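Here is a short briefing on one protein chain. The notes below are grouped by topic and meant to be read beside the structure.

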Amino acid sequence: MRTHAVVQSIIYDDQKKKASGVRVIDALTKQVTDYFAPVIFVNAGAINTNSILLNSVSGRFPNGLGNDNGLLGKYFAFHNYRGRASAQCHSFQDTDVIGRSPTSAYIPRFKNVFDQNSNFLRGYAMAFSARRSLNINTGGFGKQLKDQLASDKLGSWNVGAQFMGETIPKETNYIALDRNAMDEWAMPSVKLNVSYDDNDEKMIQDYWEQFTEMFTKAGFTNIESQAKNIPLLTKLHREVGFSGIVPASLVSAGATEI
Ligand SMILES: Cc1cc2nc3c(=O)[nH]c(=O)nc-3n(C[C@H](O)[C@H](O)[C@H](O)COP(=O)(O)OP(=O)(O)OC[C@H]3O[C@@H](n4cnc5c(N)ncnc54)[C@H](O)[C@@H]3O)c2cc1C
C-alpha cells in the first residue's frame with residue numbers, strides 16, 4: 001500500500017505486448033516512480049479509470065490503452081435524481097414510531113420491465129419515506145425555551161418520494177482529456193460532455209403522473225412535485241459505479257492509494 005500516490009498512466013510493454021506497470025506521481029514531492037507487476041488492476045472509479053486509460057498512450061495505443069475502437073470514455077451513463085415529490089398524510093394521527101421516521105420503502109422499476117410499454121426507454125425506481133413532524137416552539141429563552149423543547153407536540157405525517165431514473169448510455173455523453181489544462185501533477189483535466197435528453201424528460205413526466213396517482217389513492221393531500229435542478233456531477237454515483245466523481249486532476253494528497 002502506498003499513499004499520496006497519483007496514478008498517471010499504465011505502462012505498456014511493446015515487446016511483451018501487454019501492460020507491464022503503473023506510473024505514479026507522488027502527490028507531495030511530485031516524484032515519478034514506475035512500478036511493475038504481472039497483473040494490474042485499475043479500480044479508480046468509472047471516470048478516473050477512463051481518464052487513466054486515456055492518459056496511457058504508447059506507440060501501440062496512441063489514443064489510450066485498449067482504445068482501438070475509440071469508445072473509451074464514451075456511453076457514459078448515470079442516474080437522474082431530479083424528481084422529488086412530497087405530500088401530507090392525515091391518517092395515523094394517534095401513532096408514532098421511535099425517531100418519528102418509519103422504515104423507508106423502495107419501489108423497484110415497474111415500467112418497461114417485460115415489454116416496452118411507455119414512450120420512453122428503460123425506467124426508474126422510487127424511494128419513499130414518511131416522517132412525523134414536530135411542532136416545537138423554538139422561540140424564547142431559559143426555562144420557557146427548555147420546557148417548550150421538552151414537550152413533544154406531534155405534527156402531521158410528511159411523505160416524500162425520490163425519483164431515480166436510468167439514463168441511456170449514448171456516444172454523445174462522454175468524458176475526454178483536456179491536455180491544454182494540466183494539473184499540478186502534470187495530469188490532464190477531465191472534460192465531461194454529459195447532459196440529459198428527451199428520454200429523461202419523458203421518464204420524469206411519467207414519474208410525476210405515477211406518484212400523483214399513488215399519493216391521491218393513498219389519501220394524501222398537498223401533493224407537490226419538485227423538479228430539482230441538480231447539477232449533473234453531484235449525482236453521478238451509485239449502481240453504475242460512479243462514486244469516483246473526483247477528476248484525476250483533483251485527487252488530493254492523502255486521498256489516493258494504489
Ligand atoms: C454519496 C454517495 C452515496 C452512495 N450510496 C450508495 C448506496 O447507498 N448503495 C450503493 O450500492 N452504492 C452507493 N454509492 C456508490 C458506491 O459508493 C460506488 O459505486 C462504489 O464506491 C464504487 O467503488 P469503486 O471501487 O469502483 O470506486 P471508488 O470507491 O470511487 O474508489 C476509487 C478510488 O480510486 C482512487 N483514485 C482515483 N483516481 C486515482 C488516481 N489517478 N491515482 C490514484 N488513485 C486514484 C480514488 O481516490 C478512490 O479511492 C454511493 C456513492 C456516493 C458518492
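**Strand pairing at the N-terminal end**

In β2, Ala 19 is the bridge partner of Tyr 12. That pair belongs to an antiparallel pairing of β1 and β2 that runs over eight bridges. The model is predicted. The protein has three helices and 11 strands, and buried residues make up 23% of its 258 residues.

**Overall layout**

- Read from the N terminus, the order of elements is β-β-β-α-β-β-β-β-α-β-β-β-α-β.
- Among contacts with a separation of 6 or more, 65% join residues 24 or more positions apart.

**The β1-β2-β3 sheet**

- Three strands form an open sheet in the order β1-β2-β3, and the pairing is antiparallel.
- β1 and β3 (32–36) are the edge strands, and each of them pairs on one side only.
- On average, neighbouring strands of this sheet are turned by 30 degrees against each other, with direction ignored.
- In a regular strand, side chains alternate between the two faces of the sheet.
- Lys 30 sits in the loop between β2 and β3.
- Lys 30 is not a glycine, yet it has a positive phi of about 70 degrees.
- Lys 30 counts as exposed because it has 11 C-beta neighbours inside 10 Å, and the limit for exposed is 12 or fewer.

**Strands that pair with β8**

- β8 covers residues 154–166, and it pairs with β4 (residues 79–80) in the antiparallel sense over two bridges.
- In that pairing, His 79 stands opposite Glu 166 of β8.
- β5 (residues 83–89) and β8 run antiparallel and are joined by six bridges.
- Opposite Cys 89 in β8 stands Trp 157.
- β7 (residues 124–134) also runs antiparallel to β8, with 10 bridges between them.
- Gly 160 in β8 is the bridge partner of Ser 129.

**Nonpolar cores**

- The largest nonpolar core holds 21 residues, and Val 6, Val 7, Ile 10, Val 24 and Leu 53 touch the most other members.
- Two or more residues of this core come from each of β1 (5–13), β2 (18–26), α1 (46–55) and β9 (174–182).
- α1 gives the most to this core, with five residues.
- A second, separate core has 13 residues, including Tyr 124, Met 126, Phe 215 and Phe 220.

**Helix α3**

- α3 spans residues 198–217, and its 20 residues should cover 28 Å at 1.5 Å a residue. The end C-alpha atoms are 29 Å apart, which agrees.
- Which residues of α3 are buried? They are Asp 200, Met 203, Tyr 207, Phe 211 and Phe 215.
- These buried residues lie on the same side of α3, because they cover an arc of only 95 degrees around the axis.
- An α-helix has 3.6 residues a turn, so residues three or four places apart point the same way.
- The face of α3 turned away from the buried side carries Asp 198, Glu 209, Glu 213, Thr 216 and Lys 217, which are exposed.
- Phe 215 is buried in α3 and is also a member of the second core.
- Gly 219 comes just after α3 and takes a positive phi of about 85 degrees.

**Two further loop positions**

- Pro 169 is placed in the loop between β8 and β9.
- Pro 169 has 13 other C-beta atoms within 10 Å, so it is partly exposed. That class lies between the limits of 12 or fewer for exposed and 20 or more for buried.
- Where does Pro 169 make contacts, leaving aside its neighbours within four places in sequence? Pro 169 is in contact with Tyr 75, Phe 76 and Ala 77.
- Pro 169 and Tyr 75 are 94 residues apart along the chain, and their C-alpha atoms are separated by 4.4 Å.
- Phe 92 is found in the loop between β5 and β6 (105–107).
- Phe 92 has a positive phi of about 55 degrees although it is not a glycine.
- Phe 92 is exposed, since 12 other C-beta atoms lie within 10 Å.

Conventions
Residues are numbered from 1 along each chain as its sequence is written. This is a predicted model: local features need pLDDT of at least 70, side-chain atom pairs count only at pLDDT 80 or more; totals for chains, interfaces and linings use all residues. A nonpolar core is a set of buried Ala, Val, Leu, Ile, Met, Phe, Trp, Tyr and Cys residues joined through C-beta atoms within 7 Å. Helices (H or I, at least four residues) and strands (E, at least two) are DSSP runs, numbered from the N terminus. Two strands pair if DSSP finds at least two bridges between them. Two residues are in contact if their C-beta atoms, placed from the backbone, lie within 7 Å. The expected span of a helix is 1.5 Å times one less than its number of residues. The arc is that of the directions from the helix axis to the C-beta atoms. Axes are lines fitted to C-alpha atoms, for helices over the stretch in contact, and angles run from 0 to 180 degrees between N-to-C directions.
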